Every structure is written in C-alpha cells, then in structure tokens.
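Q: Please take a close look at one part of this structure for me, and then follow the thread outward from there. I'd love an answer that ties the details together.

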Amino acid sequence: MSEATTTGPLSPELLAKMDAYWRAANYLSVGQIYLKDNPLLERPLTLDDVKPRLLGHWGTTPGLNFLYVHWNRLIRERDLNMMFIIGPGHGGPGLVANTYLEGSYTEIYPNIEQNRDGMKRLFRQFSWPYGIPSHVAPETPGSIHEGGELGYSLVHAYGAAYDNPNLIVACVVGDGEAETGPLATSWHSNKFLNPATDGAVLPILHLNGYKIANPTILARIPHAELEQLMRGYGYEPFTLEGDDPAVMHQQAAAVFDTMLDRIAAIQKAARVEGSTERPAWPMLIMRTPKGWTGPKFVDGKPVEGTWRAHQVPLSEIFEKPEHLRQLDEWMRSYKPEELFDEKGKFREELAEIAPKGRLRMGMNAHANGGLLLKPLNVPNFRDFAIKIEGRGQTDAESTRYLGHLLHAVMEANKEQKNFRVFGPDETASNRLGDVITGTGKAWMAETLPVDENLSETGRVMEVLSEHMCEGWLEGYLLTGRHGFFNCYEAFIHIIDSMVNQHAKWLKVTRGIPWRKPIASLNYLLSSLVWRQDHNGFSHQDPGFIDHLMNKKADVVRIYLPPDANTLLSVADHCLRSKNYINLIVAGKQPAPQWLPIDEAIAHCTTGLGEWKWASDENPEVVMACCGDVPTLETLAAVCLLKDKVPDLRIRVVNVVDLMALQPQSEHPHGLPDEEFDQLFPVGIPVVFAFHGYPWLIHRLTYRRHNHDNIHVRGYKEEGTTTTPFDMCVLNNIDRFQLALDAITRVPRLAATVDKAQQWYSEAIQRHHLYVSENGDDLPEIKDWRWPQELTR
Ligand SMILES: Cc1ncc(C[n+]2csc(CCOP(=O)(O)OP(=O)(O)O)c2C)c(N)n1
Ligand SMILES: [Mg+2]
C-alpha cells in the first residue's frame, strides 16, 4: 500500500482495516489454490505443503475480493440488503475466502473452523477430490450463480432484483464475459426494471483487460467509446482505475458512495415523488490489473496485469525451486501474521468491519431463495376446463385454456408479487394472451399510442432474447419466486446450454441440506413442429425434449398433454412443484378435444394409459401415441382400421408423461414393469406415434420386455411450408401410414399386407395430388372427426 496519505471518505483506520481485510481475502484465495498444509506460513514453505495439482483461477480473484470488502462497508454504513453475483465464477476462491472471513462459511460448514485447522481444511478442500469446486458453486454461501459458463451474470442479477424493491444486486461482469451474446444483450434488462417496485442492479464491468489468452475487446477501445456504449445501453457509467491499493480504496469508496446515492435518489424519485421516467442507472467500469497484487514477473515474463495471471501464475512449483520461493514471498506479502492470530483466527478488529447476521452476503436469504419461497396460489384449474360433449367433436386451442389459468394465477398472486410469465415476444402468438390483458407487459422504455398492454408494472416479460427470458426466470426462481416461460418449440434450443447449467445447479443443491427447494423452472413449448403452416422448416425442431432427456432423472419432467384439459392438469402440477425442470409441449392450433376434466386428471396422474373408450378387449395391436397431432393421427388410423379390418382388436394407449415409459430404476415416474406389460403385452405389436424424434421412444423403452415389438413413427427432419397433414405424410406419421403399420405388424393379417400397401399408396397419391392442386388438405382429412359410434 502506498505511503502517500490519500484523501477520501475512508478514515485512515478504516482504510487500513479494509486493506488488511482485502489482503486476508487474497491470502486465503492463494492459499486455497496452492496449499494443503502450513496454512499460516509458520515455517518456510516446502513442497510437502503444496497440492499436487494446482487448480483454480487467480487473475479475477483480487478484483472480486476488493469489491467484497467495499460492499461490506456499504452494507454496514447504509444497512443494505445486498447480494453479490459474480460473472467470472472461476473466481470461486474469492467468495469462499470472503464468506469464511465474515463467518458465514463456518456457520454453514462447522468443520471449517476459524483457526489453524479450519484454515488448513479450507485450503485443502478447494479443487480437491470430493472437496469443493473451483467455481462459485451451489456449495458457496451467498451465491445463486455458478459462473462457469460465462454470460449470464447480469440477467441473473436482474431476475433477482425484479419484485425485490429493497434488494441491491451487485453484479460483476467479466470483460471477457461481456463479449458473449447473452451478456451483451442483457444490459437492456434496465428497460424492464421499475425503480418503484423492483430492486436495483449495480453492474461492475471488471475491466482487467484479459480473458484466458487474449485481450478483451472492451479493454482495447478508447475509454470514451466504452462510456458511450454504456450510455447507449442506458446507464450512467462511472470509472475506477488504478493499482495503488490505498488510492484505489479511497477512490472506490468515493465512487460507490456516489453510485449508491444515485440509486437512492432514483428510487426516491420513483417511490416518493411518483416519477415514471426510465432512469439512467449507475454502473462502474473498474479498470484494475488482472492478477492484482500477484507475482509481477515469472520466469522473466510479465504476469500481473496480463492474461498470464488468469489461472495459476506460478505453475511449476515442483519443477522450479524459484517458483516455490516466489510463492512463499507472494503469500507473505499479505502479512498473514497481521491478519490472523497465533491460533489462526481472523483478528477481531478486522472481522468486526464485516456486516453481521443476515446482512452478510454469504447469509443473504435471497441467495438461498427456498428460504423465502411462498407457495404459489393456483386457483382450481377445473374451473377453466373445457366441456367435452362427445370425444373429439369440438376443436379448441389448448394453450388458450392455459392462458385463462395463468391469468387467474397472476390475479391470485397479485398481492404477493411472486409470479411472472416470460417469453420472447410469443406469449400472444402462443395463445396465452389472456395472461397479458390482466397485468400488461413490463416496459420502461418509450411508448406510442399504437402500443397495447405495455406497462411499467406489467408482470409478463417479453423481450426477443430467449437468453434474457431464461436468465431472468432463473434469477427470479433462485431468489424464491415462481415463473413460467413460453417459447416456440424450435427456438428454445437457443437456451440449451443455460438449462444445462440450471439442471446442474438443481442436481447439486439436492445434496446440500442448507439449500432449500426452489420453484420449478416451467416451460411451455408451443408453435410445434407439426403445425408451422406459415413458417416452415426453420421452425420445425422438437429436439429440446431429447436435450432435456439427458439430464438427471430426479430433475427433469416432460409432458405432452394431448388436449386442453390434460394441459390444465399438467400445468397445475408443474406450477406447484419444486426443484424440477418441467417441460410441457402443447399445441396452440385448433385441435380435437378428447378427455373430460376428471378423466384428464386421472390420465395425467398415471402419466399414460389405455383410452378405453377407443379400445377393444384382448388387443392384437397397440396403437400408442404421445403428443396432440400424433394422438389425432392415431385415432384417425384406428378409424381407418375399423373400416378396413373390422374385426381387428385394437388398444389405444396415450402417453402424457414421457418419463413413465422408462423403467422405474431409471426414473421415479417410470411405470412398474408389470403395469407396463399389462398395457403393452409381450408379443403384441405396438405402433407408436410420437411428437418428437422417434429414436427417443426406443431409448426410453429399451429395457421393456416388449421393446422388440415397439415400432415408432415421429419427426424425422422432413419439413417445409406445407399443409398440416402433409407434414405428417412427409414424416410417415400420418393415419394411413399408422394403419398400414398396424396391418403389417399383426401376424394374422400377413396375407393382406400387399393389398394394404396398394391402398396406402393410392391414398397418399390422392393426398399429394389434392394438396398440390388446392393448397390445402383433403376435406375428408381436414374435417375428419372421431365417429361417435366407435366410442365404447
Ligand atoms: C461461455 C464460455 N465460454 C468460454 C469459457 C472458457 N473461459 C473461462 S474463463 C474465460 C475468460 C474469461 O475472461 P473474463 O470474463 O474477462 O474473466 P476474468 O478476466 O475476470 O477472469 C474463458 C474464455 C467459459 N467459461 N464460458
Ligand atoms: Mg477479464
């Protein structure tokens, strides 16, 4: 620290303590990366003290530690409710160090005591087999953001801040992270944040200049251009630049005081004076060296302030005695003897500058959202059911009924403000418009008379960025609220990677007793592959189901309700559930309605079952279906078969819960083998029409006794802008194909297969000619209804 007396808001005593606190955090961070013994450096370091594998990231860590100690001062002085989200989550040792220093780590993990032994264990466990991960993981107190996959810090921060008016979410954005698509767009989240009813996000662009091996773009454009960029995103940028700790502490304290005053003024204007202006929220550009306070040179090459500081700056400890010596010198430069007493306890006079109790960032309840989770009020979904008069006789847009329910959910939770609906500009298109009319859509930007339903208090969040929708929702859920994401089926893939990370988070938190369950992440996918009448091939991809299927069975649920009442039942279940990722795939186009509400509930409860009203006793073939269009085609195929082979005994089985197909050993929803065998008797052929890629059904049923007899039709990547039925024909999931499949698979009909093939070819030819000529499906296809006389 420079000897020069610096002026600023910090008294010399506080400045000295804050600097010591920062040194302690840096010391503990380096210790975690390197040491397995000798934590207080009570003797010269030897190779025996050093971990065999040096893993972790130093470069970003001192900057994070610097911020932490400054947040601590602000929390104490201003009594702030503050959370810290760290984009470069590889700075994990910093958060672990700080939560240890403030005491929250030991409270949660009592074996990591505040003494020499505890410190040794703290060091040893880091990046150690069965210890703790190198990143800001679910194991880290005070975190909701892992940060391993870069790009989502700012959306998570905003998601946490919405509807939390008293919360300040400090968010570090790595300057490399800032290059990612999701991060680049997430600055715009401020157009959706209402200073009157939401909390504040305090973004810090951590401009340490480098990524792993390259400079960052934002560090290599003129400062004025960077400021303009931030202004263009609607922020008021502040800058903190330098590397002399004493000067930097004073300047940081001054700039943070100003920024928090700005936040307070913005909130006062909105909350007391009734301003509805979109404010320019403060953000900080923090230009400090990467690997600040670390080794300046290693092997003659510059390290501090360069990309070489990214991971482990002295990496050849076992090969080069000079590295060991430098490590010893580096760690001693923090003066551990001034920071910890002879027992290894953090000195009282330093520890006391941290906030206490729940105000400590490691203990902030918002970062363990399950603690704050209030159950969602879900009105009785039966009240929104569609009345069924005759199977398949009425058409309805199933998702519209869900829209009614979501609207009611919104109303029922208006007071507790803990439910939002997210979507990339498709909520109305997905026929969920009812939910919008109630509360409006969040919007703090300009409005014009032509706009509809935009409101600064809107609770539907629409932005054309699946990343933002996903990230906001995750942040919202992780801080103890509820939500619902609706998206076109094909484009949900954009967030494949984000949902991976959320699934990992959920998996790990299940094994952490102090992390309380949070509300499930619920997706509705609509605008489905089979009905892309005006969009075509680019909009046809049901593969998100396959993607989610790879996740842990205890985290993922996938439902394909075939009509409105089953959709309502499934949605009710999902909205009430915890700690899952629920995927609901349901159509928005007018489609036949099959099940009265009571039957729908019973069907969804088992997840799959025989539709007795369409089935015969003692079946020779099982016609199985999953998804709304496959269900329609299957029932139409049954109808064709009844005409062609009147004595053929058919069983119709519908699957709502895809997971039920798996054996119980693979998934808790799996149907017991005996029940599966009753439904799909061994030796009886199954013609299975599936909404998605067909191979998934094989994967799920691979271990079932009758697997060899299961023949699946599904989407096989044949698509274009064509009629609904032609899409089925292109992918061989149409009624004619399914009927032919049944005839082909039933042994007693072997002699009729040739004739059936002939009939199939003629039917398909007729279809082709008609659609080519008329641009629409044959009336007998379009207007087909389940014949009432076939209902048992
Ligand atoms: C999406 C993604 N791409 C690539 C990586 C690999 N990676 C890890 S750290 C890093 C550099 C990060 O640089 P920056 O955000 O500036 O962080 P800092 O300099 O603070 O370490 C990269 C590319 C990643 N973790 N996530
Ligand atoms: Mg960087």
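A: Let's start with Cys-171, which is buried because its relative accessible area is 0%, below the 20% cut-off for that class. Please keep in mind that this is a predicted model. There are zero disulfides in the structure. Cys-171 accordingly takes part in none, and its nearest cysteine sulfur, in Cys-469, is 18 Å away. Cys-626 is buried as well, again with a relative accessible area of 0%. For Cys-626 the closest cysteine sulfur belongs to Cys-625, but the two sulfurs are 7.9 Å apart, so they are too far from each other for a bond. The cut-off in that step is 2.5 Å between sulfur atoms.

From the cysteines, let's move along to the magnesium ion (ligand 2). Its coordination comes from Asp-175 through OD, Asn-208 through OD1 and Tyr-210 through O, at 2.0 to 2.2 Å. Along the chain, these donors follow the spacing D-x32-N-x1-Y. Asn-208 counts as buried because its relative accessibility is 6%, and Tyr-210 also counts as buried, at 17%.

Asp-175 leads us on to ligand 1. This ligand is surrounded by 16 residues, and Asp-175 is one of the closest, along with Thr-60, His-90, Gly-148 and Lys-290. By class, the shell consists of seven polar, five charged and four nonpolar residues. The backbone supplies several polar atoms here: a backbone N or O atom of Gly-148 sits 2.7 Å from a nitrogen atom of ligand 1, and a polar backbone atom of Leu-150 is 3.1 Å from a nitrogen atom of the ligand. On the oxygen side, a polar backbone atom of Gly-176 lies 2.7 Å from an oxygen atom of ligand 1. Taken alone, ligand 1 would expose 590 Å², and the protein buries 74% of that area.

Finally, a word on charge pairing. Side chains of opposite charge can pair when their charged atoms come close. The structure contains 46 salt bridges. One of them joins Asp-616 and Lys-642, with an N to O distance of 2.7 Å. Another links Lys-345 to Glu-348, where the closest N and O atoms are 3.4 Å apart. The partners in that second pair fall into separate accessibility classes: Lys-345 counts as partly exposed at 34% relative accessibility, while Glu-348 is exposed because its relative accessible area is 51%, and exposed means over 50%.

Technical notes. Residues are numbered from 1 along each chain as its sequence is written. Chains are lettered from A and ligands numbered from 1 in the order in which they are written. This is a predicted model: local features need pLDDT of at least 70, side-chain atom pairs count only at pLDDT 80 or more; totals for chains, interfaces and linings use all residues. Side-chain values use heavy atoms; hydrogens and water are left out. A residue is near a molecule or strand if one of its heavy atoms lies within 4 Å of it. A polar contact is a pair of N or O atoms within 3.5 Å; within protein, one must be able to donate a hydrogen and the other to accept it, and residues adjacent in sequence count only if both atoms are side-chain atoms. Accessible areas come from the Shrake-Rupley method with a 1.4 Å probe; for residues, only the protein chains shown count as cover. Ala, Val, Leu, Ile, Met, Phe, Trp, Tyr, Cys and Pro count as nonpolar, Asp, Glu, Lys and Arg as charged, and the others, Gly among them, as polar. Donors are N, O and S atoms within 2.8 Å of the metal (3.2 Å for Na, K and Ca); water is not among the atoms, so sites may look incomplete. Buried means under 20% relative accessible area, exposed over 50%, partly exposed in between (1.4 Å probe, protein chains only). A salt bridge is a side-chain nitrogen of Lys or Arg within 4 Å of a carboxyl oxygen of Asp or Glu.
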